[in-house]
Amino acid sequence: MAYKPEKIINLCLAHMSEANLEQKYIKEAFDTNWVVPLGPNVNAFEADLENFVNSGNLNKKVVALSAGTAAIHLALIACGIKPGDEVCVQSFTFCASSHPITYVGATPVFIDSEKDSWNMDPELLEKAIIDRHEKTGNYPKAIIPVALYGMPYNIGRIMQIADKYGIPVIEDAAEGFGSRWKGQVLGTFGRYGILSFNGNKMITTSGGGAMICNDADSKNNIMWYATQARDAYPYYQHTTIGYNYRMSNICAGIGRGQMTVANDHIAHHQRVQSLYRELLKDVGGVTLHEAPSADYDSNFWLCTITLDPKLRIKGQENAYKEVVKSAVGGAASVIHMVDSPTTDCQPNENVEALRIFMLERMVEARPLWKPMHKQPVYANAPAYINGVSEALFKVGVCLPAGPCVRDEAVRYIVDCIKEAIVS
Ligand SMILES: *Cc1c(COP(=O)(O)O)cnc(C)c1O
């Protein structure tokens, strides 16, 4: 094995443009004294994003915000979600899809996934809508599908159901930047679309997000909420609660630079997926997650595999013997210490053993996101479940796919997986 990583191969980490345009735009912000949460970079970044998401005769508007989580929060507010309301959200997701529902005092109703796309099951969604109406007398007030790992959700069916019951759709395309459903960019189908530019997403602004809106009026409304909801007086006058969620002009400078490489990044992730496809095709017990059909054009933000429960991985007998001491993947973040290394819903031992085996070889591999309906914090939330997401959580692994993962790294990663398997 000739290739050896010098540092850990992360799932996906920020990668700046070759020409360092990010620094040029940041410098401009300093030179012109626009070091504030608005300004020329913010406007230009929004124009770049509008250009990117619009195709054909679409004319969507984009607002740059401080985070994807903030964007979901504001989308719920703009949809008029109130305390006591219910919102249908994909259970198989990162917590930022559902937490903002609780910020507005509403209740998430978790919807399980379809087997093929891993995303919101439309049939289960409709069942939930009908059942919530029977049980509470009200229909859910919004629907949030999620492009998990970049894979599109079946937005054709979801929009049909949403329109049938008159429920707005908020697309969580935080992981699906540039993914397409039947050729149209995700985030442009529903009433609002959410993007994230956190450090590990398809493109980054260090931290940031955006909201795709239907027209200039709804863009204005979101910008108003994002800048403390001020009334038109010479002094601060407020009739509504607002938020400080606008993107900074410095972060937007990074975003402008990143937009020059956005398509390259997406092509890179798709190429990594095709390399995994080629290299893993003869590895028994390991299945690469693929798009169900050509309608689902994924950006493959992360490449994911599932392990046959019967596959034996070296060190598997020692999995879960010790509590984890740092955030998964060694990321710099704060986690609460726990007493027990296990929970009542966790990945199979071969999955945990593979994670440890890979980490020892400088490769970050992560379990799939634990479904929200299995999270203790959501124990009391209604959930419409078919078993798909829980079953996937037990067998799935995320593999590195970011812009720093070159071809030789993909080969190295697959060689490590083969080495980990007990033959
Ligand atoms: C990252 C992410 C978000 C939130 O984005 P931030 O910019 O980190 O706040 C929302 N939903 C999903 C599915 C995500 O992966």
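At what angle do the axes of helix α9 and helix α12 cross? In this predicted model, the axes of α9 (residues 262–280) and α12 (residues 407–420) cross at roughly 40 degrees and come within 10 Å of each other. The legends below take this crossing as their starting point.

**View 1. The crossing of helices α9 and α12 is right-handed.** On the α9 side the contact is made by Arg271, Val272, Leu275, Tyr276, Leu279 and Leu280, which meet Asp407, Val410, Arg411, Ile413, Val414, Ile417 and Lys418 of α12. Sorted by class, the residues of this contact comprise nine nonpolar and four charged ones, with no polar residue among them.

**View 2. A salt bridge joins Asp407 and Arg271.** The side chains of these two residues meet with a nitrogen-to-oxygen distance of 2.2 Å. Because Asp407 belongs to helix α12 and Arg271 to helix α9, the pair ties together parts of the chain that are 136 residues apart in sequence. Asp407 counts as partly exposed, with a relative accessibility of 23%, and Arg271 is likewise partly exposed, its relative accessible area being 42%.

**View 3. Glu419 of helix α12 forms a salt bridge with Arg361.** The closest N and O atoms of this pair are 3.5 Å apart. Since Arg361 lies in the loop between α10 (349–360) and β13 (366–367), whereas Glu419 lies in α12, the salt bridge ties together parts that are 58 residues apart in sequence. Glu419 is partly exposed at 33% relative accessibility, and Arg361 is partly exposed at 22%. Elsewhere, salt bridges that share partners join Glu46, Glu50, Lys219 and Arg246 into one network.

**View 4. Asp31 and Lys27 form a salt bridge within helix α1.** The closest N and O atoms of the two residues are 2.8 Å apart. Because Asp31 and Lys27 are four residues apart in α1 (residues 21–31), about one helical turn separates them. Both Asp31 and Lys27 are exposed. A search of the whole structure finds 20 salt bridges, and the pair of Asp31 and Lys27 is one of them.

**View 5. Strand β12 is mostly covered and pairs with β10 and β15.** Five of the five residues in β12 (residues 303–307) are buried. The covering extends to both faces of the strand, with Cys303, Ile305 and Leu307 buried on one side and Thr304 and Thr306 buried on the other. Strand β10 (residues 286–288) pairs with β12 in the antiparallel sense over three bridges, and the pairing of β12 with β15 (residues 396–399) is also antiparallel, over four bridges. Ile305 appears in both pairings, as the bridge partner of Leu288 and as the residue whose partner in β15 is Val397.

**View 6. Strands β7, β6 and β11 form an open antiparallel sheet.** The three strands follow the order β7-β6-β11. Because β7 (184–185) and β11 (296–297) stand at the edges with a single partner strand each, one side of each is left without a neighbour in the sheet. Strand β6 (residues 180–181) pairs with β7 in the antiparallel sense over two bridges, and in this pairing Trp181 stands opposite Gln184 of β7.

Methods: Residues numbered from 1 in each chain as written. Predicted model: local features only at pLDDT ≥ 70, side-chain atom pairs only at ≥ 80, totals over all residues. Heavy atoms only, no water. Axes fitted to C-alpha atoms, helices over the stretch in contact; angles between N-to-C directions. Left-handed = near helix turned anticlockwise from the far one by under 90°. Contact = heavy atoms within 4.5 Å. Nonpolar A, V, L, I, M, F, W, Y, C, P; charged D, E, K, R; others polar. Buried < 20%, exposed > 50% of the residue type's maximum accessible area, 1.4 Å probe, protein only. Pairing = 2+ DSSP bridges. Salt bridge = Lys/Arg side-chain N within 4 Å of Asp/Glu carboxyl O.
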